[in-house]
Amino acid sequence: MAMLYIPRCLNRGIRNLLLQQRSFSAQPIHQFNEDDIKEKLQQFPGGSIDLQKEGEIATLIINQPERINAFTGTMILELRDRVEELESWTNGKGLILRGADNTFCSGSDLNTVRAISNPKDGMTMCMFMQNTLTRLQRLPLISVALVQGVALGGGAELTTACDFRLMTSESEIRFVHKLMGLVPGWGGATRLVQIIGYRNALKLLSSADRVRSAKALRIGLADKILPSSDHNWCMEETQKWLSHYIKGSSKVIQAIKNVAVSGRELPLEESLRNEKCIFSTMWASPDNLKALSTVMKHK
Ligand SMILES: CCC(=O)SCCNC(=O)CCNC(=O)[C@H](O)C(C)(C)COP(=O)(O)OP(=O)(O)OC[C@H]1O[C@@H](n2cnc3c(N)ncnc32)[C@H](O)[C@@H]1OP(=O)(O)O
């Protein structure tokens with residue numbers, strides 16, 4: 001919703017409504033002064049979060065292969081910067097989140113975890129990351145996590161911030177938090193319940209079992225299994241899979257994502273009002289008029 005298209009021609013009332021709606025999406029879940037935790041995280045460097053844009057699909061790469069793409073302090077900060085960059089990408093339609101070197105992510109970097117292992121830093125890091133991942137999840141792009149290798153702990157949580165998950169036949173997602181005396185803190189438990197329901201989520205969190213691709217598909221955590229683990233092939237297949245859902249103009253695709261996010265996040269009446277606002281930006285829009293001018297048969 002951060003990039004909702006708001007035409008200038010709308011009357012002031014509707015425009016204001018839409019602007020309010022936009023600020024809802026950019027609004028952080030946790031309002032706090034982020035300066036202290038940013039300064040702290042800066043002290044734990046290593047790896048990077050890379051953003052590549054190719055046409056209408058962007059790829060975010062979690063990049064620290066020597067530690068199985070574990071998330072350092074500076075990677076947490078870079079992820080926020082990349083998400084902000086994507087929020088202002090007006091022509092985008094799709095996003096792929098993947099790890100470098102044929103694996104996804106082994107979670108928080110344990111060196112960083114040990115260094116901020118006190119209640120205050122833990123809490124502010126948790127709020128910072130929840131704010132970032134909520135903004136990632138709300139991006140008006142259809143997003144898919146390409147899970148190769150392992151997605152452990154925080155890595156498993158990251159996969160849930162995408163709309164969809166594709167796994168290879170050899171990959172696994174595992175919520176290992178319990179084994180570390182923890183629960184997810186990046187919003188992963190909340191999102192997991194939304195994706196696979198309460199009972200399945202409780203089983204995965206309380207067992208810390210590995211979820212291989214066949215099981216993930218069965219319980220609705222994964223949307224497709226890719227039979228080969230060859231990286232180039234997996235990327236091509238992921239792009240092909242995504243392209244089915246992002247056919248059409250970026251304004252239409254972004255509006256579709258926005259109404260779906262609204263339905264997931266807002267109470268019924270608020271969501272219906274939001275849907276009405278978004279609808280009003282699309283009705284009689286150039287895309288709508290162009291479609292109406294053609295002879296249509298949806299056979
Ligand atoms: C709740 C928040 C969290 O996410 S806490 C972090 C949860 N994650 C973990 O505990 C992961 C622990 N690591 C492992 O289980 C294994 O390293 C996994 C990921 C399965 C990979 O095994 P394997 O393919 O055999 O590689 P390896 O163990 O030799 O690892 C290569 C080097 O990478 C390192 N590494 C791995 N994960 C992390 C991590 N999360 N933080 C920091 N370093 C990590 C390993 O220690 C190893 O380093 P080194 O080559 O021995 O120096």
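# Exercises on a predicted model

An open sheet in this structure contains 6 strands in the order 1-2-3-4-6-9, and the pairing is mixed. The model is predicted, and each exercise below is followed by a worked solution.

## Exercise 1. The sheet of 6 strands

Determine which strands form the edges of the sheet of 6 strands, and describe its twist.

**Solution.**

Step 1. An edge strand pairs on one side only, and this applies to strand 1 (48–54) and strand 9 (224–226).

Step 2. From one strand to the next, the twist averages 20 degrees.

Step 3. Inside the order, one pair can be examined in detail: strand 3 (residues 94–99) and strand 4 (residues 142–147) run in the parallel sense and are joined over 4 bridges. Gly 94 has Ile 142 of strand 4 as its bridge partner.

Step 4. The general principle is that strands of a sheet pair through backbone hydrogen bonds, either parallel or antiparallel.

## Exercise 2. The sheet of 3 strands

State the strand order of the open sheet of 3 strands, and identify its edges.

**Solution.**

Step 1. The order is 5-7-8, with mixed pairing.

Step 2. Strand 5 (150–152) and strand 8 are the edge strands, as each pairs on one side only.

Step 3. Neighbouring strands of this sheet are turned by 15 degrees against each other on average, direction ignored.

Step 4. Strand 5 pairs with strand 7 in the parallel sense over 3 bridges. Within this pairing, Ala 151 has Ile 173 in strand 7 as its bridge partner.

## Exercise 3. Two salt bridges between loops

The model has 13 salt bridges. For the pairs Glu 56 with Lys 93 and Arg 67 with Asp 109, explain which parts of the chain are tied together.

**Solution.**

Step 1. A salt bridge requires a side-chain nitrogen of Lys or Arg within 4 Å of a carboxyl oxygen of Asp or Glu. Glu 56 and Lys 93 form such a bridge, with the closest N and O atoms 3.3 Å apart.

Step 2. Glu 56 belongs to the loop between strand 1 and strand 2 (57–63), while Lys 93 belongs to the loop between helix 3 (73–87) and strand 3, so the pair ties together parts that are 37 residues apart in sequence.

Step 3. Buried means under 20% relative accessible area, and partly exposed lies between that limit and 50%. Glu 56 is partly exposed because its relative accessible area is 35%, whereas Lys 93 counts as buried at 6%.

Step 4. In the second pair, the side chains of Arg 67 and Asp 109 meet at 2.5 Å, N to O. Arg 67 is in the loop between strand 2 and helix 3, and Asp 109 is in the loop between strand 3 and helix 4 (110–115), so this salt bridge ties together parts that are 42 residues apart in sequence.

Step 5. Arg 67 is partly exposed, at 37% relative accessible area, and Asp 109 is buried, at 1%.

## Exercise 4. The surroundings of Glu 172

Locate Glu 172, classify its exposure, and name its salt-bridge partner.

**Solution.**

Step 1. Glu 172 lies in strand 7.

Step 2. The relative accessible area of Glu 172 is 11%, so this residue is buried.

Step 3. The salt-bridge partner of Glu 172 is Arg 210, and their closest N and O atoms are 3.0 Å apart. The pair links distant parts of the chain, with Glu 172 in strand 7 (residues 172–174) and Arg 210 in strand 8 (residues 210–212), 38 residues apart.

Step 4. Arg 210 is partly exposed, with a relative accessible area of 38%.

Step 5. Leaving aside neighbours within four places in sequence, the contacts of Glu 172 include Ala 151, Leu 152, Met 167 and Val 211.

## Exercise 5. The ligand

How many residues surround the ligand, and which are the closest?

**Solution.**

Step 1. The ligand is surrounded by 16 residues, and the closest are Arg 67, Ser 106, Ser 108, Leu 110 and Gly 154.

Step 2. Backbone atoms of three residues named above can now be considered in turn.

- Ser 108: a backbone N or O atom lies 2.9 Å from an oxygen atom of the ligand.
- Leu 110: a polar backbone atom is 2.9 Å from a nitrogen atom of the ligand.
- Gly 154: a polar backbone atom is 2.8 Å from an oxygen atom of the ligand.

Step 3. Arg 67, listed among the closest residues, also takes part in the salt bridge with Asp 109.

Technical notes. Residues are numbered from 1 along each chain as its sequence is written. This is a predicted model: local features need pLDDT of at least 70, side-chain atom pairs count only at pLDDT 80 or more; totals for chains, interfaces and linings use all residues. Side-chain values use heavy atoms; hydrogens and water are left out. Two strands pair if DSSP finds at least two bridges between them. Axes are lines fitted to C-alpha atoms, for helices over the stretch in contact, and angles run from 0 to 180 degrees between N-to-C directions. Buried means under 20% relative accessible area, exposed over 50%, partly exposed in between (1.4 Å probe, protein chains only). A residue is near a molecule or strand if one of its heavy atoms lies within 4 Å of it. A polar contact is a pair of N or O atoms within 3.5 Å; within protein, one must be able to donate a hydrogen and the other to accept it, and residues adjacent in sequence count only if both atoms are side-chain atoms. Contact means heavy atoms within 4.5 Å.
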